Amino acid sequence: MIIDSHAHLNDERLLPIAGEIVAGFKANNIESCIIAGFDYKSSLLGVELAEKYSQYALIGTHPEEIKEVTNVILGKYKELAKSSRVVGIGEIGLDYYYEDNPPKEEQIEAFEKQIMLADELKLPIALHVRDAYGDCLSVLKNMHAHLNSGILLHCYSGSKEMIREFNAFDCYYALGGAITFKNAKKDEVIKEIPINRLLVETDCPYLTPHPHRGETNEPKYINLTVEKIAAVLEKEKEEIIDITNKNTKTLFFKIRG
Ligand SMILES: [Zn+2]
């Protein structure tokens with residue numbers, strides 16, 4: 001069955017229906033989901049949901065929210081990571097898309113601090129990178145000694161050429177609904193990702209796959225993303241499900257079981 005490797009059931013739009021969503025997993029061929037945090041509050045909520053509904057959680061602060069990343073918050077994340085439901089630090093990274101995002105230097109500093117935290121906790125990292133793949137590579141190069149538990153590029157939106165650079169760090173890549181968009185032109189990127197490093201995700205409530213664009217995204221729509229990958233790679237849907245399920249477990253569930 002499918003594992004949704006990045007879902008925001010902790011988002012205010014999905015929170016009221018989180019129980020219903022999880023109850024519908026089996027009917028939609030979904031095994032489980034990993035609830036991603038984007039700041040301390042949503043991380044805490046994600047862990048609570050993961051515990052309540054037997055799912056998994058990532059904890060961390062998104063690059064747009066890094067003003068909160070102090071030693072106090074990092075200490076709180078350490079406490080939160082004691083939950084057996086926490087499988088990684090995320091989503092963390094760099095986002096240069098909006099002009100009023102925090103300055104690059106501050107983003108890089110908070111990113112590096114959270115990489116150190118992940119290393120200390122021996123947890124993999126899930127990266128949000130938007131218009132910043134070059135700087136992300138520089139950070140990974142500088143922090144190489146602290147990258148010991150696995151790296152996922154969530155919702156990979158970089159080029160085919162960049163994949164070769166990230167492969168040097170043994171990165172995993174998660175694809176979401178954006179690959180189904182009519183103007184996506186992502187086939188070459190999908191083919192370039194090493195098959196044993198490929199994961200799937202929804203990033204719900206965002207990035208709803210075609211033909212449901214405009215609706216709130218939910219984990220059930222991950223089937224459309226899996227079908228798109230299967231079509232591009234000329235494989236059976238079941239094969240893509242088996243491979244991405246195994247890859248997700250290798251990256252995130254190897255320590256916690
Ligand atoms: Zn996300």
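This report describes a zinc site, two individual residues and a pair of helices in a predicted model.

## The zinc site

In this predicted model, the zinc ion has as its protein donors His 6 through NE2, His 8 through NE2, Glu 91 through OE and Asp 203 through OD, and these lie 2.2 to 2.3 Å from the ion. Along the chain, the donors follow the spacing H-x1-H-x82-E-x111-D. Distant parts of the chain are linked by the pair His 8 and Glu 91, which stand 83 residues apart, His 8 lying in the loop between strand E1 (2-7) and helix H1 (18-23) and Glu 91 in strand E4 (residues 86-95).

The angles subtended by the 4 donor atoms around the zinc ion run from 86 to 171 degrees, and the arrangement is therefore irregular. For four donors to count as tetrahedral, all angles would have to lie between 85 and 135 degrees. His 8 has a relative accessibility of 1% and so counts as buried, and Glu 91, with a relative accessible area of 3%, is buried as well.

## Asp 11 in the loop between E1 and H1

The loop between E1 and H1 also holds Asp 11. This residue is buried, because its relative accessible area is 6% and buried means under 20%. When residues up to four places away in sequence are not counted, Asp 11 touches Pro 205 and Tyr 206.

## Leu 45 in helix H2

Helix H2, which spans residues 40-53, contains Leu 45. With a relative accessibility of 26%, Leu 45 counts as partly exposed. Leaving aside residues up to four places away in sequence, Leu 45 touches Asn 10 and Leu 15. Leu 153 is 108 residues from Leu 45 along the chain, and the C-alpha atoms of these two residues are separated by 23 Å.

## Helices H5 and H6

Two packed helices are described by the angle between their axes and the distance between the axes. For helix H5 (residues 133-142) and helix H6 (residues 160-167), the axes come within 11 Å and cross at roughly 5 degrees. H5 and H6 are therefore roughly parallel to each other, since angles under 35 degrees count as roughly parallel.

On the H5 side, the contact is made by Tyr 133, Gly 134, Cys 136, Leu 137, Leu 140 and Lys 141, while H6 contributes Met 162, Glu 165 and Phe 166. Sorted by class, the residues in the contact of H5 with H6 are 6 nonpolar, 1 polar and 2 charged.

Note on methods. Residues are numbered from 1 along each chain as its sequence is written. This is a predicted model: local features need pLDDT of at least 70, side-chain atom pairs count only at pLDDT 80 or more; totals for chains, interfaces and linings use all residues. Side-chain values use heavy atoms; hydrogens and water are left out. Axes are lines fitted to C-alpha atoms, for helices over the stretch in contact, and angles run from 0 to 180 degrees between N-to-C directions. Helices (H or I, at least four residues) and strands (E, at least two) are DSSP runs, numbered from the N terminus. Angles under 35 degrees count as roughly parallel, over 145 as roughly antiparallel, 65 to 115 as roughly perpendicular and the rest as oblique. Contact means heavy atoms within 4.5 Å. Ala, Val, Leu, Ile, Met, Phe, Trp, Tyr, Cys and Pro count as nonpolar, Asp, Glu, Lys and Arg as charged, and the others, Gly among them, as polar. Donors are N, O and S atoms within 2.8 Å of the metal (3.2 Å for Na, K and Ca); water is not among the atoms, so sites may look incomplete. Four donors count as tetrahedral if all angles lie between 85 and 135 degrees; four count as square planar and six as octahedral if opposite donors are over 155 degrees apart and all others between 65 and 115; anything else is irregular. Buried means under 20% relative accessible area, exposed over 50%, partly exposed in between (1.4 Å probe, protein chains only).
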